[in-house]
Amino acid sequence: MRTIIKYVLLDLIKNKTVLVYTFILAALSVSVLATGSNTSKGLLSLLNITLLFVPIISMLFATIYFFNSVEFIELLLAQPIKRKTMLLAEYSGVAFALSIAYLIGVGIPVCLFSYDLASLTLILSGLFLTLIFSALALVIFVLFKDKTKGIGAAIITALFFTLLFDGLLLSFIFSFSDYPIDQPLLGLISLNPVDLARILVLLKLDVAVMMGYSGALFKKFMGSATGSIYTIFCMSFWVIIPLLMSAKVFKRKDL
Amino acid sequence: MKNIIAIIFLGWAISAKAEVIKVVATPNGIHNAVRKAHNGDTLLIKKGFYKEHDITIDKRLTVIGENFPVIDASNKYQALIVTADSAVIQGIQVQNIGNTSIIDMAGIRIVNAKAVVIKNNKLIDNTFGVYLQNATRCYVANNTIHSNHKDELNGGNGIHAWHCDDLLIQDNDISGHRDGIYFEFVTNSHIISNRSYENVRYGLHFMFSHSDTYTQNIFKDNGAGVAVMYSKHVVMYNNSFLHNWGDASYGLLLKEISDSRIEHNNFIRNTVGIHMESTTHVDVKQNLFQDNGWAMRVQASCSGSNVIGNNFIGNSFDVATNGNMVMNVFDHNYWDKYDGYDLNKNNIGDVPYYPVSVYSVITEKIPSTMILYRSLLTDVMEQVEKVLPTLIPDKLRDDYPLMKKAKL
């Protein structure tokens, strides 16, 4: 497994896309944090960048990479290796590379310019988003045989979580606004890792009062230690379940 | 000539009568001194610790403390009660006033008196600091009023005025009380250059107080900011409302205010800069709204207000309202979110600005939608609404938005 990860990483370094991704993230973080006098505002902008770019880039890049290494995978599977081990090794390589890219691109500038709980939360949620969306890319890879279809599915999935889900949530809130929906809403939010990440970071920043103003429950629950643990728990599930699922599908997949 | 001689004689007579009585820290020292004194005398209280309480000053005395003598009410009683006109209390430290639910206990209480001067005192850890009750033409200045109240129920106010007229409250430093300054049925008064901060509830609280002016005050980090309610002809200018930041905090809360003016104030980092409810004819001119959650929340019940020439910079929401009815005027303001153009270079944008964002309309209707705060969806909706306004109250608009910041 370790050897496979090593070769995946070597390949990714040659690939240069990850390097460009790192560089863009770093450029964005430094420009946002260094220009603004208010670090809280800088973190908010970085949060927006993280919530938009990390899911889409991780998703697309991982999907394309998996599809491109189909031949490598087939070659490996001719060796006496378990399919599950091989798949997880592929995933680990990609997820590790993207996480390192995020850590260097956003983590280091953030730690240099404003090192506090909020920025640590931002880094943590960014890493989680990377892991989650690479895992989802793996699911797409095992479900689709055709590369074009797979990329299409990846775009739709990323858009779904960054945009469409919130739209559905909004229409849900609108339709049921006469009922006490705060608690169901908390449950629904857990279904979208992007929203979870957003709320987790927002509640660590001082703009949290904006949420507390109208939805005291969100702040009361999500802002507490229990809420943070719950959020992290949910996000871990978002990594583990797609991985297990893809391993299961891949086991029986006709290559 | 006769008159002049008469005046000289009169003056001599008065000055001969006015004595300076020195008071040192003995048991009941101040009590005895007040009993002995006559109208016009001066009590010079030497530095020391006076464990005395309920000292009633019922003569026209000037009470001066030397290096802040301490009057300690042992957390049970009140300290000074002034019932005489034209008394002066100066340079004294009053501390540890009692706390009961029956009487509002105060460090210095002025009851039914005129022209009393309270200046340069320190009032530490009291339930109420200075309490003016049916007082007229009093002057409260340069006092340091500090307490450590934790909740609204047990605390009292820093300066509490009830049924007064023509007060001047100036240069006081008030913190840690329930309300910094509280006015109820107070008319024709001025509140100038005070600092009111870290109070449990409001920095300044106005009820039924007409024709008052407050200027150059700083209200900072108060639990709920400043509240002005049920009053008319209130003038507020050059005040700073800073960092009143919390779930239910306002920079300035206006409720049932009419014919008032709010000019040249700074509203910086408040959850809500100004919250207006049922106001009529309130002019909001040339103020700075910066980094607030909501710069202004103008309820549909407000009418005839003019919001003119203000700068709105870096607020999450510029204006929020709860209906489509707009009976107020928003003109000639600078909005940092304005992205229109100015072809004829007259510094006024050629397309109107709609300060109510669609997301603020939605959150106002259904507060739960705040869970989508700062999500990509809300940004997209904002952009769509800009191109094709459907949800936002289109009558609430600035037809003459400034291209550059207004000079305040």
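**Notebook: chains A and B**

I began with chain B: among its contacts between residues at least 6 apart in sequence, 46% join residues at least 24 apart. I note here that the model is predicted.

*Entry on chain B.* I looked up the secondary structure and found 4 helices and 38 strands in chain B. I then took the extent of its C-alpha trace, which spans about 85 × 55 × 30 Å along the principal axes. I also checked burial: 47% of the 408 residues of chain B count as buried.

*Entry on the contact between the chains.* I asked how many residues each chain brings to the contact. Chain A gives 30 residues and chain B gives 20 residues. On the side of chain B that touches chain A, I found that helix H4 (residues 376–387) of chain B supplies the largest share, 3 residues. I sorted this side of chain B by class and recorded 10 nonpolar, 8 polar and 2 charged residues.

*Entry on the core.* I searched for the largest nonpolar core and found that it has 187 residues. Ile132(A), Ala137(A) and Ile108(B) are the residues with the most contacts inside this core. Helix H6 (residues 117–143) of chain A gives the most to the core, with 17 residues. I followed Ala137(A) further, leaving aside residues up to four places away in sequence, and found that Ala137(A) touches Met59(A), Ala62(A), Thr63(A), Phe66(A) and Ala154(A). I set beside this the general tendency of nonpolar side chains to be buried together in soluble globular proteins.

*Entry on a helix pair in chain A.* I examined helix H9 (residues 193–202) and helix H12 (residues 225–251) of chain A, whose axes come within 10 Å and cross at roughly 155°. Angles over 145 degrees count as roughly antiparallel, and H9(A) and H12(A) are therefore roughly antiparallel to each other. I recorded their crossing as left-handed. Which residues of H9(A) meet H12(A)? Pro193(A), Leu196(A) and Leu200(A) do so, and their partners in H12(A) are Ser228(A), Thr231(A), Cys234(A), Met235(A) and Trp238(A). By class, I noted 6 nonpolar, 2 polar and no charged residues in the contact of H9(A) with H12(A).

*Entry on Pro184(A).* I located Pro184(A) in helix H8 (residues 182–189) of chain A. I asked how Pro184(A) counts in terms of exposure. Pro184(A) counts as partly exposed because 13 C-beta neighbours lie inside 10 Å. I lastly compared its position with Ile173(A), 11 residues apart from Pro184(A) along the chain, and found 9.9 Å between the two C-alpha atoms.

Methods
Residues are numbered from 1 along each chain as its sequence is written. Chains are lettered from A and ligands numbered from 1 in the order in which they are written. This is a predicted model: local features need pLDDT of at least 70, side-chain atom pairs count only at pLDDT 80 or more; totals for chains, interfaces and linings use all residues. Two residues are in contact if their C-beta atoms, placed from the backbone, lie within 7 Å. Helices (H or I, at least four residues) and strands (E, at least two) are DSSP runs, numbered from the N terminus. Ala, Val, Leu, Ile, Met, Phe, Trp, Tyr, Cys and Pro count as nonpolar, Asp, Glu, Lys and Arg as charged, and the others, Gly among them, as polar. Axes are lines fitted to C-alpha atoms, for helices over the stretch in contact, and angles run from 0 to 180 degrees between N-to-C directions. Angles under 35 degrees count as roughly parallel, over 145 as roughly antiparallel, 65 to 115 as roughly perpendicular and the rest as oblique. A crossing is left-handed if the near helix is turned anticlockwise from the far one by less than a right angle, and right-handed if clockwise. A residue is buried if 20 or more other C-beta atoms lie within 10 Å of its own, exposed if 12 or fewer, and partly exposed in between; C-beta atoms are placed from the backbone. A nonpolar core is a set of buried Ala, Val, Leu, Ile, Met, Phe, Trp, Tyr and Cys residues joined through C-beta atoms within 7 Å.
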